[in-house]
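This report describes a protein model with a bound ligand. The surroundings of the ligand are treated before the overall architecture.

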Amino acid sequence: MPHIVFNKTDLINTPSSKDGVEFKFIAKSYNFTTHERNTEYKIAVENQGKEFLLTLKNKDNDQMIKIDKVTRIAPITLVKDALNAYVDSINPKIVFSNTNSIHQKAEPQKEFLKDINYFVDEFKTDKEIQIEVGFGSGRHLLHQAKNNPDIQFIGLEIHTPSIEQALKQMKLQDITNVLIVNYDARLFMEFIDSNKVGRIFVHFPVPWDKKPHRRIYSNGFINEALRVLKFEGTLELRTDSRKYFDYCTELLTNLPTGKITIDINKDLEISSKYEDRWKKQGKNIYDVVLQSQSVDEPLVIQKDFSFDFEINYEDKISSIPTKSIVDKDFFVHIEDLFIMENEKNSGLIQLTMGNFDRPVSKYLLIKNGKIDYYQGSPLPTSSNIKAHNKLKEILN
Ligand SMILES: C[S@@+](CC[C@H](N)C(=O)[O-])C[C@H]1O[C@@H](n2cnc3c(N)ncnc32)[C@H](O)[C@@H]1O
């Protein structure tokens, strides 16, 4: 992590700029939850159109400046340049620095690797969609894609080496009908239109016998799967775990709609890496296929993350809860507060919010009483919207 340690000096003046880097404002920690005596500052920076925060705090008898993790941006050279510009502005004695900008290696071509925001704002297709959850080695996903060129495949995975491997194979085999997303499959379907998907493959998911809340299958996941599936589209589980099979069968048989088919040791055209392993061990392989029997309402994504009121920040501070607010499917936790000393009624609120499985860390920027999300709104998931509404209640 790039950082610079230097002898204590005065803070930079804001607003100011140095070597093309703009220093916009400074907010001082209120030590809201930590009550530490060690004062921390957040310094708002803009470099080449990207806004982020730097953290300045004491380190022994010196000071250290580094990127604020919540607002981390890429490429890292923009951060290093900002750190260098900060110390060049105040000209202290430098104790340590690892911010020499080194020429960055070119990113490998990642045309088919998509950020989740792409599915919120841009993704459109007239083709049928098929989704594979946790594609691992990618053997099944790429086999399907090659044999079904008219179908748009989406591969979901959270293990980066598997993603790199699949992208490499796609390039070697010239496969262009797959989009890869590094995102938790339990939350992905929220961004896919209703009645668009022909098949969802969930092959050999981790059974999580000791942590069932981490399982892919839940009532929420199944309901979202049914919504995105076309009439007669299928959600296809393949597993070697008898416990997982029983758990899923119970969830699926209690649904008000849908048709279930169960098989044991069915042969597929292609055997995945995990399947090979279990077959060699002589284990049974179970298939449970749920077929959609309904046509669902179109998807409406709620995207309003505005705050339609102003606050008196200094007055509000004493009533902001320090404990997490936890509800059935969302939470809000205010982590810390920062106050701008040379601007009235202004500061930063650091918080974590949203879904327990995928919490989001953000800052709220308060400028003369107006509130907004720093670096833009959270992803419009249903949990984030609920958490946002709770925040409005807390701050209003
Ligand atoms: C046991 S492996 C099976 C891989 C592959 N389907 C196969 O049959 O060889 C499970 C895979 O699911 C991925 N995974 C686990 N939880 C996930 C989640 N919530 N969203 C997306 N992928 C997940 C893991 O990273 C892992 O690659």
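## Polar contacts of the ligand

In this predicted model, an oxygen atom of the ligand lies 2.6 Å from a polar side-chain atom of Glu157. Asp184 places a side-chain N or O atom 2.8 Å from a nitrogen atom of the ligand. A polar backbone atom of Ala185 is 2.9 Å from a nitrogen atom of the ligand. The ligand taken alone exposes 590 Å², of which the protein buries 88%.

## The surrounding shell

The ligand is surrounded by 16 residues, of which Gly134, Glu157, Asp184, His203 and Ser272 come nearest. Sorted by class, this shell comprises 7 nonpolar, 5 polar and 4 charged residues.

Two helices contribute to the shell: α5 (185–188) and α8 (273–280) each provide at least two of its residues.

## Domain organisation

Three domains are assigned: domain 1 covers 3–97, domain 2 covers 113–291 and domain 3 covers 313–395. Between the C-alpha centres of domain 1 and domain 2 the separation is 44 Å.

## The eight-stranded sheet

An open sheet of 8 strands with mixed pairing follows the order β8-β11-β10-β9-β12-β13-β15-β14. Its edges are formed by β8 (113–114) and β14 (259–264); each has a single partner strand, so one side of each is left without a neighbour in the sheet.

Within this sheet, β9 (residues 129–133) and β10 (residues 152–157) run parallel and are joined by 5 bridges. Ile131 has Ile154 in β10 as its bridge partner.

How values were computed. Residues numbered from 1 in each chain as written. Predicted model: local features only at pLDDT ≥ 70, side-chain atom pairs only at ≥ 80, totals over all residues. Heavy atoms only, no water. Domains from an automatic or database assignment. Near = heavy atom within 4 Å. Polar contact = N/O pair within 3.5 Å; in protein donor to acceptor, adjacent residues only side chain to side chain. Areas by Shrake-Rupley, 256 points an atom, 1.4 Å probe, with all protein chains shown as cover. Helix = DSSP H or I, 4+ residues; strand = E, 2+ residues; numbered from the N terminus. Nonpolar A, V, L, I, M, F, W, Y, C, P; charged D, E, K, R; others polar. Pairing = 2+ DSSP bridges.
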